[in-house]
Structures are given as structure tokens and as C-alpha cells.
Amino acid sequence: MLVLHVPAGRRGITKHLLARALPALGTTGKDYSSLYYISPSAAKCREALGDFHQFIGIKSYIPITCTTLPQLAKRLCLAAGVPMLPSHLNVPMLSAISGEGIGRSALIAGFISGMKLRFPLRTGDEIWTELEKIIYETGVPEEISGRIKGTLELMSVYDRALAAKGLMDRDSALPSAVPFTGSLYIKALVIEGFHTVDPAHQILLRALIEKANAVYAALPIAGQEITGGYMEFLRSFSPEEEILPGDEPDSSSPSALAKWPPDYSTFPSREEEAEGAARRIKHLYLSGRIKDLSRIVLALPAGSSPDTFGRMLEKYGIKYSSPSGASAARRINEISSLLEAPGQQYPAAKLSAFLNSPLFSKIPEDVRSWAPKITLSGVSAGLDNLAGLEGAPAEEVKKLSGKLRPLEFQPAGGKGRASSLKAFLAALSAMGFSSAAAASDKQETQDEAGAFAEEAEARLRDLFMLDVLLPDNSSGKTESADLHAAARFVLSSIDAGQEGEGVRIMPLEDAFALEPECLILPGLRDGQAPARPQPDLILPEMLKEKLGLKTCRQQLAEEEFLIRRLVLSSAEAYLSYPEMEAEKLFLPSIIIAEGRKIDGGVAGVFSEEERLVRKGGYAGAPYCESVGEISIPFKSKHGLRVTDIDSFRACPRLFYLEKIFRLSPPELAGLGPDPRETGTLLHRLMEKLLPISISEDLAALTERAKTIVEKTFPEFRLDRYWRGLLSGTFLDAIPAIYENEAVFRDDGFDFMGPEIEIKGSLAGLPLRGKADRLDARWGALEYGKAVQVLDYKTGSLAFSPSDVFKKGAYLQLFLYAALLERGNPELKVERVGIYSLKDLKVKFAPAKKDAKQGIAMPDYIDAALGFLAETAALLEAGDFRARPIDEAKCRHCHERPYCPYIHPPEAACG
């Protein structure tokens with residue numbers, strides 16, 4: 001046996017090991033299957049096969065055997081006639097045994113797996129016997145020890161259920177496969193990629209080493225804490241040892257050891273980081289530095305979405321393979337929506353999801369094309385409401401409803417799972433769920449879509465095994481809820497990766513042993529790489545340390561070492577992290593904290609969309625030059641609403657498109673009621689609730705409010721749930737409303753009237769509007785009365801009076817004040833205010849601090865009239881150019897792609 005000590009910067013170690021092992025095969029012709037290559041990573045095994053193919057340089061031969069230890073154990077057990085429990089069933093099975101949810105059962109499954117790897121071939125009772133003494137010595141609280149004992153008892157029940165049917169799970173197969181290794185013919189064994197090996201894997205690996213004629217193992221050079229246990233295991237075979245130099249002999253590339261600490265880049269957000277990675281990859285390919293895209297590895301730490309990066313690579317026309325495509329996640333949601341919709345009274349979003357899904361070929365095309373409109377209908381839920389909706393294909397919808405009805409009757413009890421599953425599979429069949437499913441995106445082919453559908457149906461049918469394995473088990477819970485969770489779990493465990501050429505997107509842990517030509521490693525923010533370990537809810541850290549299991553500290557140290565080794569083993573490496581997401585700031589990972597920050601941008605590399613924008617329209621002009629401003633004569637026959645002035649000032653271009661041209665995008669109807677209808681309802685309630693008599697106490701006001709609610713709500717289209725929620729919320733707000741009214745009375749104001757029409761002409765513009773409410777203080781002035789103008793808002797307070805002077809915002813109430821004073825000389829507006837019905841607070845202008853600065857109501861009115869004159873001049877000139885008063889709102893504007901403010905002509909480039 002030969003053990004090679006490998007420094008972190010050494011490349012080409014796989015080819016080096018294979019070259020050392022080949023002579024041990026002797027004369028084999030073209031059959032190399034007696035050379036076994038063992039690695040902890042399936043991705044590394046695939047890479048080793050590619051390296052061997054390049055190394056041999058011939059087209060026709062029997063390849064070496066590349067496998068991981070779990071894959072080999074499974075193959076040996078199945079070949080010996082020992083059936084295996086599908087790995088996606090262990091969590092649902094534990095859930096059925098324990099009566100716990102899928103999430104808690106996943107934790108239990110992780111604990112049991114750890115115990116089986118640490119104590120191979122031991123029962124739960126035997127492990128508890130060994131643990132009990134350690135638990136007593138370390139003083140573990142009784143609550144924790146009871147939890148550990150209970151989990152080990154579940155392990156025993158689980159193992160007995162498997163043994164009764166002659167099954168074993170993946171972890172038990174590792175040591176149990178040893179007697180079946182006699183069928184293997186191993187002339188040479190290559191072991192690479194390991195830095196630690198737990199006892200269960202050691203048993204099988206020892207058997208392979210003793211079976212092989214020659215063994216070649218790679219041991220990474222690291223501290224005792226990282227590789228000490230694995231080194232001790234290898235040295236138990238008294239091997240020859242050799243230390244390799246840092247540089248690969250005859251390598252044309254410089255030593256990778258000089259690349260630490262690594263350089264890194266930052267990006268403003270995750271989305272821009274993904275786009276930066278796509279630009280980098282396209283640049284590497286176009287420049288000719290990397291011709292084979294499969295030699296590029298995009299390794300993603302936990303928390304980074306492969307779908308985001310996949311979408312960006314598609315945008316830039318780059319092929320890729322991914323372990324979990326967006327199409328797979330979408331399809332899982334569509335199947336789950338069909339399963340879960342009946343129990344949730346068919347929410348509109350779930351209905352639309354599966355009715356529009358290409359997975360279900362028997363859904364009529366007119367229903368499929370109409371389905372997206374369900375979410376625009378304002379109906380939040382209900383199957384019975386569909387046929388009556390405007391534009392609905394009524395007859396087809398009724399037939400479809402009949403096919404879905406069996407899903408609504410879910411029996412409870414021990415037999416409920418099987419009955420519910422049969423009903424669900426029958427509904428899938430009725431919907432045309434089959435291998436004829438259509439591809440849903442550019443990356444997915446028809447064959448891949450069909451393969452996913454077949455695998456999904458097979459995994460759902462596997463759930464019937466639970467009734468065979470646990471015939472007498474019944475947790476007593478509602479079985480339909482358990483089935484939903486179990487179905488989603490088995491579907492989410494499907495390896496729906498898209499095979500093929502291109503950039504390899506993979507989780508960071510799958511890339512640890514690789515030697516890519518180019519490594520793209522994004523998402524290096526604090527807590528993600530190294531990933532902050534989640535607290536173990538079953539086994540405390542001090543027990544882990546006593547048992548020789550990995551503690552949180554060891555996990556962090558190991559992952560930091562593995563990332564370092566991966567970066568140094570890559571010919572090129574590009575590391576980055578996003579600085580923030582929304583309002584949340586991110587800190588850099590410890591991996592790059594001491595590195596040099598460099599510019600991660602790549603100039604001159606465009607996506608297809610950007611290329612077309614720069615190429616321009618029919619005349620070949622840049623797109624920016626094709627985006628024009630709006631300048632058109634404008635006259636209003638009926639005058640302007642006062643609120644239109646604020647809309648115009650917010651952005652003249654958007655005002656013209658939305659208010660005059662009436663162009664706006666469709667909006668999804670949320671699960672709640674229509675916000676506009678809710679706002680009208682609250683205004684109506686306040687209108688009827690007031691005026692409040694000075695003599696009316698809180699109890700009398702509350703009783704009157706209940707009567708008003710009972711009479712007003714039937715006037716609005718609201719379902720029972722929202723009616724109850726809104727009415728209850730309004731009644732709960734009555735004490736706060738009463739307190740606000742008491743403050744108004746203390747200030748001397750009495751309710752004057754709701755919805756007061758105000759008309760007049762200011763700055764040559766005919767204006768009209770309605771003030772939500774006026775309050776007056778009679779006799780406050782020598783010649784009349786003082787007035788306050790209030791405007792109800794259903795949202796939170798976002799009123800900044802100072803913006804009236806700074807940029808002419810929030811003019812509505814001050815223009816009302818000007819119109820009232822001009823049309824009614826006996827009135828004097830003393831203050832205006834925004835009354836938030838959400839916060840139940842009022843914000844006034846002038847505010848108290850204005851008095852200290854000498855700012856009074858006339859100053860606000862004069863400022864508002866000045867900005868109104870400016871607005872009138874622009875309207876008269878027909879000037880509707882894009883001039884946003886607040887650029888932050890441009891980010892979410894539907895006009896953004898076509899706006900000359902965002903795409904100014906001077907920014908055009910060929």
C-alpha cells in the first residue's frame with residue numbers, strides 16, 4: 001500500500017494516482033474494470049472517469065470502476081439479493097412511527113444515521129447501554145438523556161420493522177456489504193478525496209484494501225484535527241509513505257500555493273453577483289482561455305440559489321448542468337398544489353398552478369389558457385366559484401371539478417394514508433400525469449420532463465410501502481396532512497439534475513474534492529461558507545466530543561480547510577460575495593476576510609438582450625435613441641382632480657400613461673380582499689361613525705359602531721372570513737378612534753362634515769376634489785371659523801411636510817386649504833393632517849416644531865401654490881417628460897424598461 005501526502009496546491013493528483021496504479025494491472029488488453037477508484041463524491045468519480053479517458057487516449061475500452069462507498073455497498077447488497085429501503089422513505093417512515101412531523105422526523109433520521117455510522121451493526125438498545133455511562137459521567141440533564149433514549153428506542157422500532165421485511169437502509173448496508181465483497185476482482189485500488197472516514201465506512205474500506213493486490217491512497221496535508229483519524233486508519237496497514245511536492249511536474253501553470261489568501265470581488269446583491277458570474281464565464285469562453293465549459297465549476301454554498309445562477313447563464317446563452325433545475329422545483333410545486341388544494345378550499349394560486357401546468361396533459365387547452373386569470377379575478381379560494389367567473393369555460397370547468405371531488409374525502413385513521421394516496425394517484429391519472437409531460441424551460445428537454453414525471457409517480461407509489469412496513473401503525477393524526485408532507489418530501493428528494501455539457505453548477509460540498517480548470521465560488525458571506533452549523537436538538541456538543549462525533553467547531557474547521565483546498569487546487573478561482581439583500585447587510589466570510597478586494601466586473605460582455613438593446617431598432621439605432629419623451633398638447637374638459645397634481649409631480653410621464661392614456665399592467669389579486677375596496681369600506685365606516693357627540697361615551701360609540709358594521713358590510717363583496725376579520729379589526733380600533741376624537745375636541749374642533757366637495761381655480765387650472773373630512777372651531781376668528789382638513793389613509797403614515805418646501809410633494813391638502821379659503825372668506829384653515837387608519841394616528845402640518853421655526857399655514861399654502869404654478873406651466877406646454885420626484889420608486893415602475901430617464905440617449909453605445 002502506498003500513501004501519498006498531498007499539499008493543498010497540488011493539481012493533477014487523480015492522473016498521478018492512476019498512472020501509479022496502472023502497472024499493477026499487468027496485461028489487461030482493453031479491460032480496466034479491475035482498477036477500482038473510490039471517492040466520497042459522485043462528482044469526483046465522474047471527473048476521474050474523464051481524466052482516465054484522457055490519460056488512456058483510446059476510444060474503445062472497458063473503463064475503470066469509479067464509485068463511492070455507499071454506492072458500492074448498495075450494489076453489493078442488491079446483487080446478493082438483499083433489498084434496500086429507498087432512501088427517500090426513511091423520513092416518512094420515522095414520521096409514521098413517531099407521530100412527529102416531517103421536519104422533526106428529518107432531525108431524528110439524521111441522528112439515527114450518525115449513530116449507525118459511529119456504532120456500526122449495533123442496535124438502539126446496545127448503543128444506549130454504551131451511552132448511558134457517558135451520559136451519567138458528564139451530568140447530562142434528565143430531559144436531554146430522556147430525549148436521546150427515546151430516539152434510540154425509535155431507532156430500534158425502525159430497524160425491527162425493516163428486518164421483519166428483510167430490508168436494510170443505506171447506513172446499515174455499509175458494514176453489512178462486507179461479506180459480499182468476495183465477488184469483487186480488484187487488482188488495484190485508488191482512494192482519493194477523503195480527509196476523514198467514520199467507523200461504518202472504515203469497515204467496508206478495510207475489506208476493499210485487504211481484497212486489492214495494490215492500493216494507492218491520497219492523504220491531504222492538514223492538521224491533526226482534520227486528518228488525524230484518517231491517517232491513523234491508513235497507517236494501520238503499515239503503508240509506504242511519500243510526500244508530493246506542491247507543484248505538479250511538467251505543469252505549465254504557476255504554483256497555486258501563491259494564491260492564498262485569495263482575491264475576491266463584491267456585488268451589490270445576489271442577483272448582480274449571479275450576473276457577474278455569467279459575464280465572467282462568457283468572457284473566459286469568448287477569450288479562448290477555456291474551451292470546454294464542463295471544466296468550469298460553479299460551486300454554491302448553502303443559501304445560494306442554483307436557479308438564480310441557472311437563469312443568468314441562460315440569459316447569456318451559456319449551457320450548464322445543475323443538480324436541481326428551476327423546472328423541477330416548479331413541477332414539485334404544481335404536483336403539491338394539486339394534492340394540497342382540497343384541504344385548503346382550493347386557493348386561487350394553487351388552482352392556477354396545477355391547471356396551467358404542462359405536467360397534466362388531460363386538462364383542456366381552453367382551461368389551461370384561462371387558468372392564469374383566476375388570480376386576477378378577485379376570488380381568493382373555492383372550486384365552486386370557478387365556473388361562474390367571467391370568461392371561464394363553464395362546461396369544462398364543471399367536468400374538471402368532478403374529477404377533483406374524490407380528493408376532498410380523506411378518511412382518517414390507520415387506513416387513511418393508503419386511501420388518500422389512491423385518491424391522489426387517481427386524480428393524477430385523470431389529469432393526464434404521465435411521461436408525455438412537456439418541457440417547461442429552455443434547459444429541460446422532453447425526455448427529461450418525462451423522466452421526472454415517471455420518477456415522481458414511482459416515488460409517490462413507494463409511499464404504499466409504509467402500510468406494508470408498518471401495518472399496525474397509526475399515529476392518530478389526520479392522515480391527509482401527513483400524506484401531504486410525506487409526498488412533498490419524497491418529491492423534493494428527486495435528483496432532477498439536467499445532464500449534459502456545460503458549466504457544472506453544484507453544491508459546494510459536492511465540489512470539495514475536485515480540481516476544476518476554473519472555479520466560480522460566489523456567496524462567500526459570513527455564516528454561509530463555512531456554513532454555521534445548526535444546533536443539534538438531540539445530542540449536545542459535549543456528548544459529541546466524548547463519542548468522537550463532529551462538533552460544531554470541528555465542522556467549521558473542516559469546511560474551512562476543504563474550501564481552501566478546493567480554491568488552491570483550481571487553476572483559476574473567482575471568489576465573491578453579495579454585500580446586501582434588500583435592507584440586510586452581509587459580512588464577508590472568514591475565507592476571504594484577509595484577501596484582496598478586486599473589481600469583479602467584466603467589460604464588453606453582454607447578454608443577448610443587451611446586445612439587441614445596443615443594436616437598436618429597425619434603422620440600427622441604439623435602443624436608447626428609440627425611447628422618446630412625451631410632449632403633447634393637453635387640455636382637460638372637466639378640470640383636474642387635486643390628487644392629479646401630486647401624481648403629475650411624482651412623474652409626469654407616468655401620470656400621462658396611467659391617468660390620461662390609462663395604461664397600466666394587470667395586477668395579481670392577492671389572497672386578501674381588494675385593497676381599493678377595503679379602503680372604500682373603511683372610508684364609508686368612518687363617514688357613518690362620525691360625528692361623535694360630545695356627550696357620547698365609549699360604550700355608546702362601540703354599540704353604534706357594531707350597528708354600522710352590520711349595515712355597511714353587506715354592501716361590499718367580501719367573503720365570510722375577510723368580513724369577520726375586517727369587522728373585528730375595526731371594532732377593536734374604536735377605543736383609539738375615540739381617543740383621537742377626544743384630542744380634536746380638546747383642541748376645540750367639532751366635526752363639520754365628511755366627503756366635502758371642493759372646487760375652484762388656482763394658477764389658471766380648474767381643480768376639483770373631495771376632502772375626507774373637515775372639522776371647525778366656531779368663533780375662533782373675528783369673522784368666522786378655523787378649520788382643519790383631514791385625509792384618511794389605510795396605510796402607515798408616510799407624510800413629510802418638509803417635502804412640500806423641498807420638492808413640492810404632498811400638495812393635495814394644502815391645495816384644498818387654498819381652495820377653501822378662496823371660496824369661503826369666512827373660513828381660515830388652521831392645519832391639515834393625515835389620519836392613518838392603520839396606525840390610528842394623525843400627523844399634522846404645521847407641526848409643533850414649525851412654530852419654533854416661524855413656519856405657519858400660509859407659508860405651506862404659498863409654497864404649494866408656487867409649485868402648482870410650475871405644474872400649470874408644464875401642463876400648458878404639454879411637457880410630460882420623465883422627471884421622477886423620488887428615484888427610489890423607479891426601481892419598481894412598470895415603465896422602467898421603456899423610460900428615457902432610465903435609458904438616456906447619451907448612454908447609447910454601439
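## Exercises on strands, rings and charges

Strand β11 (residues 518-521) and strand β12 (residues 572-578) run parallel and are joined by four bridges. Helices (H or I, at least four residues) and strands (E, at least two) are DSSP runs, numbered from the N terminus. This is a predicted model, where local features need pLDDT of at least 70 and side-chain atom pairs count only at pLDDT 80 or more, while totals for chains, interfaces and linings use all residues. Residues are numbered from 1 along each chain as its sequence is written, and side-chain values use heavy atoms, with hydrogens and water left out.

**Exercise 1.** Find the bridge partner of Leu519 in β12, then place both strands in their sheet.

*Solution.* Start with the partner: Leu519 is bridged to Ala573. Next, write down the strand order, β7-β12-β11-β8-β10-β9, an open sheet of six strands with parallel pairing. Two strands pair if DSSP finds at least two bridges between them. Finish at the edges: β7 (264-267) and β9 (320-321) each pair on one side only.

**Exercise 2.** Classify the ring pair Phe52 and Tyr61, then do likewise for Phe814 and Tyr860.

*Solution.* Recall the rule first: rings of Phe, Tyr and Trp (its six-membered ring) pair if their centres lie within 6.5 Å; planes under 30 degrees apart count as stacked, over 60 as edge-to-face and the rest as tilted. Phe52 and Tyr61 have ring centres 5.8 Å apart and planes at 65°, so this pair is edge-to-face. Phe814 and Tyr860 are stacked, with 5.0 Å from centre to centre and 10° between the planes. Now locate the second pair: Phe814 is in helix α33 (residues 812-823) and Tyr860 in helix α35 (residues 857-876), 46 residues apart. Lastly, check burial: both Phe814 and Tyr860 are buried, meaning under 20% relative accessible area, with exposed over 50% and partly exposed in between (1.4 Å probe, protein chains only).

**Exercise 3.** Which parts of the chain does the salt bridge between Arg20 and Glu242 tie together?

*Solution.* Begin with the contact: the side chains of Arg20 and Glu242 form a salt bridge at 2.9 Å, N to O. The term asks for a side-chain nitrogen of Lys or Arg within 4 Å of a carboxyl oxygen of Asp or Glu. Then map the ends: Arg20 lies in helix α1 (residues 13-21) and Glu242 in strand β6 (residues 240-243), so the pair ties together parts that are 222 residues apart in sequence. As a last step, read the accessibility: Arg20 is partly exposed at 27%, and Glu242 is partly exposed at 29%.
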